[in-house]
Amino acid sequence: MTVALLLLGYSAVLGGLGPLWLKRASWLDRAPRLGIWAWHALTATVIISVTLAGLAVAVPTVPVSGNLAAMLQECVMALRAQYAAPGGAAVAASGTVLAFALVARIGWCLAAALVRARRQRSEHAAVLDLAGRHRPDLGVTVLDHDRPAAYCLPGHGHRVVLTTAALTTLEPRALDAVIAHERAHIRQRHHLVLAYAEALERAFPRVPLFRTAASETRRLVELAADDEATARSDALTLASALVEMAGAGVPAASLAASGGHAAGRVRRLLAPQRPLKRAIAWGGALVAGAVLVLPLVVAVEPAVAASGMNACPLPTAPPVAAPQPAY
Amino acid sequence: MRGFGELEQAIMDVVWTSGEPVTVRAVLDQLNGDRPQPLAYNTVHTVTEILHRKGWLSRAKDGRAYRYTSTKSREEYAASLIDQVWESGADRTATLVRLFDEMDADEVAELRAALAARADGGR
């Protein structure tokens, strides 16, 4: 029971304070890939903690021991004791239901999102194959359209798509920067990153943590792709490409629908580039990893500790008999 | 199957550029114009019929043969794809990752000025 409370407390604190702190941490913009990892570690930790808390209520702590028979007996005794206690069975049952419902809901939403995205992509690609023109020199598909636009179709059979207007609007270097940005999305598999974040958001739309995580992930993948694109060209080229494309007559109605990160991205590209030091970024990644592993340690620790103290019942237990050969 | 895809593309190209209803024979002649290995009539006929079944081409009887036209122009298909990308807001980002968001006119003006200042300062 203590373990369950500990885990629930951990997830409540992390889920409540984590997003406030991460959202304010402006240094994450200097290492967007670390930022993506930090947000994902945070959401995963909360899910794992709550799931383990549910299971910890259902399964009493039993010392881990080398003697399987003794351990099984301990297990049965502990379970009997728990379920004999008033309300014990109800608590255990609700814990189990909570854990399974949580995992099932997230799994379902994630699978549905991946399947739907895959279908939409292949439908889109089928039309693109016939209506688009392949430009082998640029390695992109071109659509006849009078609005400058660029996007990528990620996943299997991935490709970068540009409109004819984008080809005429952008100068060659800017074009390279734009294509490099789209390639970065494909290479860093941002569609999967987004699918996970958005599946959580859809699974539990009321939880602020998941909402914030999804919107921050959408913003950070753009920054990560910008960083990879500017590693080849200069930031100013990409910044001006973004302004040219965004400024070329877009219906104002669609403004509200998107997050509207473009202006922020251009300002970031215009500001002096200060990428986070490698060591600090790795340190941050390790901290995020530790946050992720902690609930597992908390859940397993009592069993391990108990096995240390509780080896007394059968101190002189005979060694397990070696299995007899079958012949 | 990949080869069929390319042939579908080539046939649609011919139909779109001709601008008027075409027979399979006309498409074949057009395709074989610059091809070292000529395509068979039956191949082109089959793939044209596939395109008709998929809804890309419509056909009308003309004498003993059919004449095919595209149901939509290339630009209309392109527009429908771009619209899909634009619609894919929060809900469909995982499908298509598009490059940029929209900015309002004030922001564009402000950022253009900032860019110009940086470009001048850099020299």
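**Exercise 1. Find which residues of α2(A) and α8(A) meet, then work out how the two helices are oriented.**

Step 1: pick out the contacts, meaning C-beta atoms, placed from the backbone, that lie within 7 Å. From α2(A) you get A:Pro32, A:Arg33, A:Gly35, A:Ile36, A:Trp39, A:Leu42, A:Thr43 and A:Val46. Their partners in α8(A) include A:Leu209, A:Phe210, A:Leu220 and A:Asp227. Helices here are DSSP runs of H or I with at least four residues, strands are runs of E with at least two, and both are numbered from the N terminus.

Step 2: get the geometry. The two axes are 8 Å apart and the packing angle is about 160°. Axes are lines fitted to C-alpha atoms, for helices over the stretch in contact, with angles from 0 to 180 degrees between N-to-C directions. Angles under 35 degrees count as roughly parallel, over 145 as roughly antiparallel, 65 to 115 as roughly perpendicular and the rest as oblique. So α2(A) and α8(A) are roughly antiparallel.

Step 3: sort the contact residues of α2(A) with α8(A) by class: 12 nonpolar, three polar and three charged. Nonpolar covers Ala, Val, Leu, Ile, Met, Phe, Trp, Tyr, Cys and Pro; charged is Asp, Glu, Lys and Arg; the others, Gly among them, are polar.

A word on the model: it is predicted, local features need pLDDT of at least 70, side-chain atom pairs count only at pLDDT 80 or more, and totals for chains, interfaces and linings use all residues. Residues are numbered from 1 along each chain as its sequence is written, while chains are lettered from A and ligands numbered from 1 in the order in which they are written.

**Exercise 2. Work out how α4(A) and α7(A) are oriented to each other.**

Step 1: α4 (residues 88–131) and α7 (residues 190–203) of chain A have axes that come within 8 Å and cross at roughly 130°.

Step 2: apply the angle classes, and α4(A) and α7(A) are therefore oblique.

Step 3: look at who takes part. α4(A) brings in A:Ile106 and A:Leu110, among others, and α7(A) brings in residues including A:Tyr196 and A:Leu200. By class, this contact has 11 nonpolar, one polar and three charged residues.

**Exercise 3. Locate the largest nonpolar core and say which helix gives the most to it.**

Step 1: a nonpolar core is a set of buried Ala, Val, Leu, Ile, Met, Phe, Trp, Tyr and Cys residues joined through C-beta atoms within 7 Å. Buried means 20 or more other C-beta atoms within 10 Å, exposed means 12 or fewer, and partly exposed is in between, with C-beta atoms placed from the backbone.

Step 2: the largest core has 85 residues, and A:Val161, A:Leu200 and A:Leu242 have the most contacts inside it. Helix α2 (residues 32–58) of chain A gives the most, with 15 residues. Apart from this core lies another, of 13 residues, among them B:Trp56 and B:Tyr68.

Step 3: zoom in on A:Val161. Beyond its neighbours within four places in sequence, its contacts include A:Leu128, A:Val140 and A:Tyr151.

**Exercise 4. Describe the backbone and surroundings of A:Arg189.**

Step 1: A:Arg189 is in the loop between α6 (172–187) and α7 of chain A.

Step 2: its phi is positive, about 50°, although A:Arg189 is not a glycine. Most residues other than glycine have a negative phi.

Step 3: with 14 other C-beta atoms within 10 Å, A:Arg189 is partly exposed.
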